[in-house]
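Here is a friendly walk through one protein, for anyone meeting it here. Have a look at the structure, then read on.

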Amino acid sequence: MKPFSSLLALGQCLMFIQPALSTQESLGGPFIHSSIEEAKRLVDEAYKYSREKSLERVRGQSIRPSDVLRLLKQPARDTRSAVRSADYLENTLRLIHEKVHRTHRLHKRSLNATDLLTPQELDTIARVTGCAARVSKPSCRTTPNVNKYRTATSVCNNLKSPRLGASNTPFTRWLPAQYDDGVSRPKSWDPNRSFNNFVLPLVREVSNRILATNDASVESDREFTHMVTIFGQWNDHDLTFTPSSPSIRAFSNGLDCDESCERSEPCFPIQIPLNDPRLPTGPDSCIPVFRSAPVCGTGKSAFNFGDMANRREQINALNAFLDLGQVYGSEEGLARDLRDLTNDGGLLRINKEFTDNGREFLPFTDVKGNMCATRRRITNDTNAKEVPCFVAGDVRVDENIALTSIHTMFLREHNRLAGALLRLNPHWDGETLYQEARKIMGAYTQVFVFRDYLPHIVGPDTMARQLGRYPGYNETIDPSIANVFATAAYRFAHLAIQPTLSRLDINNKENPMFPSVPLFKAFFTPWRLVFEGGIDPLIRGLVGHPAKLNTQNHMMVDALREKLFQFINHLALDLGSLNMQRGRDHGLPDYNAWRKFCGLSTPSNLGELAVVLNNTDLAFRLLQLYGTPDNIDVWMGGVAEPFVHKGRVGPLFACLIATQFQKIRQGDRLWYENPGVFTSAQRKALKNVSLAQIICDNTGITAVSRDPFLIPEGGNTPIKCNNIQQLNLSAWKESASTADQKQQENSDQDNEVSPPPPPPPPPDTPGPSSNICHQQLSAFSVQLTDNFLTHNNTIVFSQVVYNRPNHYNKNSGVFLTTSTTSGDTSFPLLS
Ligand code: HEM
């Protein structure tokens with residue numbers, strides 16, 4: 001409970017300055033508990049209402065673009081618990097505040113709820129709402145193979161601060177947040193409030209005047225393929241996901257965010273300017289936007305758990321490491337669900353209904369309500385067969401079919417690797433095959449991102465300055481993703497997306513049967529992969545066609561600015577406006593504050609801004625809107641800058657992106673180049689892997705350019721797949737005797753950190769015998785971890801010793817059966 005010391009200290013300190021209540025008496029346990037109960041009821045009801053409303057809309061085919069965005073940003077599993085706890089806490093404090101002010105007839109702003117609470121009461125609230133659990137320090141002593149494999153959440157990557165860089169922790173701040181009220185309310189919440197003597201422009205006005213372009217005049221990149229762009233999105237989905245609260249209505253007054261333009265937590269609608277070329281204007285016309293969920297105890301909750309003032313912070317549901325979480329899942333539960341546990345092959349689950357010319361598709365979701373049932377609407381064929389959304393390690397897998405194709409390719413690569421490793425090491429169990437294949441895949445992404453991708457984005461100079469030779473692991477580096485990276489800098493590529501997703505046939509010509517798809521008809525359309533020729537045409541399109549070039553007069557295509565998530569005639573979203581609104585929602589400091597952070601000049605007038613942008617007209621138009629460079633939204637300013645030499649971002653985003661990746665690499669104890677993570681032979685083999693080889697091995701494509709990020713011409717014309725180097729897996733071959741020795745070492749290692757060895761195996765297995773009685777391999781003994789034992793919890797044993805260790809998964813706590821149809825069995829704890 002150490003992190004609560006600051007909370008307690010703050011509570012104590014607030015007690016001494018208690019100005020309005022004459023006595024120091026506590027508000028009393030029953031009062032606190034009834035407030036918590038009421039807050040929980042309010043939040044649970046709002047969540048239930050929102051869920052039902054969403055399902056109703058999805059089922060009734062009346063889903064709106066804003067519903068799609070909200071569903072896309074829905075927290076699931078542990079992220080949902082994190083968001084729910086924060087909502088419980090915030091509402092508990094709000095209710096206490098309201099009740100006390102009512103009872104004591106105090107002036108509305110005279111006291112914070114926390115002024116009234118004893119440290120014990122604050123502690124109780126934090127515990128009962130679940131907020132305390134979010135900051136408790138996990139023990140890494142019982143994490144299996146902690147030096148060898150990553151956990152799904154990356155908890156325990158840093159052994160001293162186990163939550164550094166882990167999933168469901170706050171985005172870090174490199175500069176303190178700037179909110180309108182200093183703690184939580186976004187700038188422009190009050191549209192008349194001025195900053196630096198100027199009122200902030202409406203984000204949609206900025207979008208209309210700066211970002212708009214005519215798709216036909218969009219320029220194409222002369223060097224880089226569209227694969228660079230979509231690979232960026234793919235890579236982002238390994239690193240950042242900012243959830244919203246599941247509630248679609250305000251907790252305090254029940255206001256429905258979809259029905260009103262009022263700003264009331266969590267509703268932060270985008271107002272539509274007068275004379276908008278597309279959207280209806282008027283006081284009741286706006287695009288609904290939901291604020292990103294706050295971290296427990298930050299923002300309005302009036303006290304915090306960390307070392308900063310209580311400004312609102314946002315949650316990153318993903319871990320900060322390059323580990324292909326978008327394939328495997330960034331939480332243990334999801335990771336387990338994505339695995340094929342019906343056999344011991346270490347495989348990921350695949351689609352049981354359809355194949356892509358004999359190759360695997362991703363499995364379908366079993367979530368109720370089908371956001372991907374878009375086929376009938378798009379094709380106007382009321383009899384067309386719909387398919388569910390695909391599932392993967394990241395929830396945005398279906399967002400567009402080019403992204404889904406990359407997901408599919410990497411799923412296949414995992415299964416290909418697991419199969420190859422099994423042939424090489426027939427003695428390996430399913431768990432080892434899965435973890436070793438996953439580890440190789442993690443190394444792939446590190447190589448592809450650092451060696452092949454980033455140099456094209458930040459340019460060779462920034463690479464040399466910040467991302468050169470691997471400097472070694474440094475446990476004091478915080479790898480967490482910065483808020484400005486997720487909310488501004490890494491969204492640079494929204495301006496590099498083509499209006500059309502190209503589909504090419506085996507001759508790299510427009511596919512006559514299934515031609516290229518306009519981007520706005522490619523959102524949430526997995527059926528296009530199933531019924532329209534699979535992933536090959538799209539992958540050919542990605543590597544065969546150029547990216548859009550972000551130029552200062554042709555910025556964002558209409559599919560994203562005027563037709564985002566539009567399936568029927570509802571208000572389509574505008575990604576440019578969303579990016580700026582999100583920056584304000586997260587309290588991102590302005591453009592100049594970040595320029596200063598990066599050691600760049602801070603333009604203060606038209607002349608200076610014109611120099612920075614190398615464009616007087618653009619500088620003029622920006623200042624017409626913002627008044628001063630100090631008010632420019634950082635995403636807008638960043639994407640307006642001319643590119644650094646041989647890169648595709650300006651100096652500001654080059655600095656922010658490089659700084660983030662520097663920390664991701666150096667703060668990763670399991671980085672592939674960190675000595676001891678791979679053997680030197682394995683490292684050597686990994687240096688030669690290529691995206692071209694992944695394409696060759698996992699699609700029907702038979703020739704590809706050596707560097708799929710570069711336009712296929714000159715020295716980079718497609719070559720036959722036989723001539724593309726394969727990953728040589730011989731360095732992973734392990735003799736059975738080495739394996740035995742290793743197993744012994746591992747169990748010795750576990751013993752070093754675990755309680756004493758278990759008693760001799762009992763004659764039979766514990767738990768409901770029906771689950772595993774079919775196994776002949778039943779004799780084992782177990783050693784318990786420090787699990788929290790409650791009714792229906794699964795006990796995860798840290799050690800299971802019996803005659804076939806591979807039948808117990810130490811990560812999931814799940815026993816595998818050899819013959820049952822269910823495939824796996826866990827032991828619910830019977831109270
Ligand atoms: C067709 C392509 C794409 C579409 C439709 C799309 C759409 C979106 C949407 C709707 C959001 C959430 C906006 C909000 O409410 O804040 C978002 C967030 C984001 N996008 Fe994209 N995007 C695309 C491609 C890309 C690419 C190519 C990149 C980068 C290389 C990228 C990077 C990001 C990042 C970093 C975020 C924030 C993620 C988070 O933390 O939740 N996107 N995008």
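Leaving aside residues up to four places away in sequence, His494 touches Met556, Leu560, Leu575 and Asn579. This is a predicted model, so everything said about His494 and the rest is computed. His494 sits in the loop that runs between helix 14 (483-487) and strand 8 (500-501). Is His494 buried or exposed? It counts as buried, because it has 23 C-beta neighbours inside 10 Å, and the cut-off for buried is 20 or more. An unreviewed UniProt entry also places a "binding site" feature at His494.

Now for the ligand. There are 21 residues around it, and Gly232, Gln233, Thr240, Thr242 and Ala493 come nearest. Two elements each give two or more residues to this shell: helix 8 (226-239) and helix 18 (575-585). Helix 8 gives the most, with four residues. Sorted by character, the shell holds 10 nonpolar, seven polar and four charged residues.

Helix 18 deserves a stop of its own. Of its 11 residues, 11 are buried, so the helix is largely enclosed by the rest of the structure. Among those buried residues are Leu575 and Asn579, both of which His494 touches. Others include Arg582, Arg584 and Asp585. What do the buried residues of helix 18 pack against? The partners are helix 7 (203-211), strand 5 (270-271), strand 6 (286-287), helix 14, helix 17 (558-561) and helix 22 (634-640). After helix 18 comes Gly587, which has a positive phi, near 65°.

Elsewhere, two helices cross. The axes of helix 13 (residues 430-466) and helix 23 (residues 651-666) come within 10 Å and cross at roughly 75°. The two are therefore roughly perpendicular to each other. On the helix 13 side, the residues that meet helix 23 are Leu454, Ile457, Val458, Gly459, Thr462 and Gln466. Helix 23 answers with Ala654, Ile657, Ala658, Thr659, Phe661 and Gln662.

Here is the make-up of that contact beside the make-up of the ligand shell.

| Group of residues | Nonpolar | Polar | Charged |
|---|---|---|---|
| Shell around the ligand | 10 residues | seven residues | four residues |
| Contact of helix 13 with helix 23 | seven residues | five residues | no residues |

Finally, step back to the whole protein. Its secondary structure comes to 26 helices and 17 strands. Of the 831 residues, 52% count as buried. Looking at contacts between residues at least 6 apart in sequence, 71% join residues at least 24 apart.

Terms used
Residues numbered from 1 in each chain as written. Predicted model: local features only at pLDDT ≥ 70, side-chain atom pairs only at ≥ 80, totals over all residues. UniProt positions renumbered as here; feature names shortened; annotations may be inferred. Buried ≥ 20, exposed ≤ 12 C-beta atoms within 10 Å, placed from the backbone. Contact = placed C-beta atoms within 7 Å. Near = placed C-beta within 6 Å. Nonpolar A, V, L, I, M, F, W, Y, C, P; charged D, E, K, R; others polar. Axes fitted to C-alpha atoms, helices over the stretch in contact; angles between N-to-C directions. Parallel < 35°, antiparallel > 145°, perpendicular 65-115°, else oblique.
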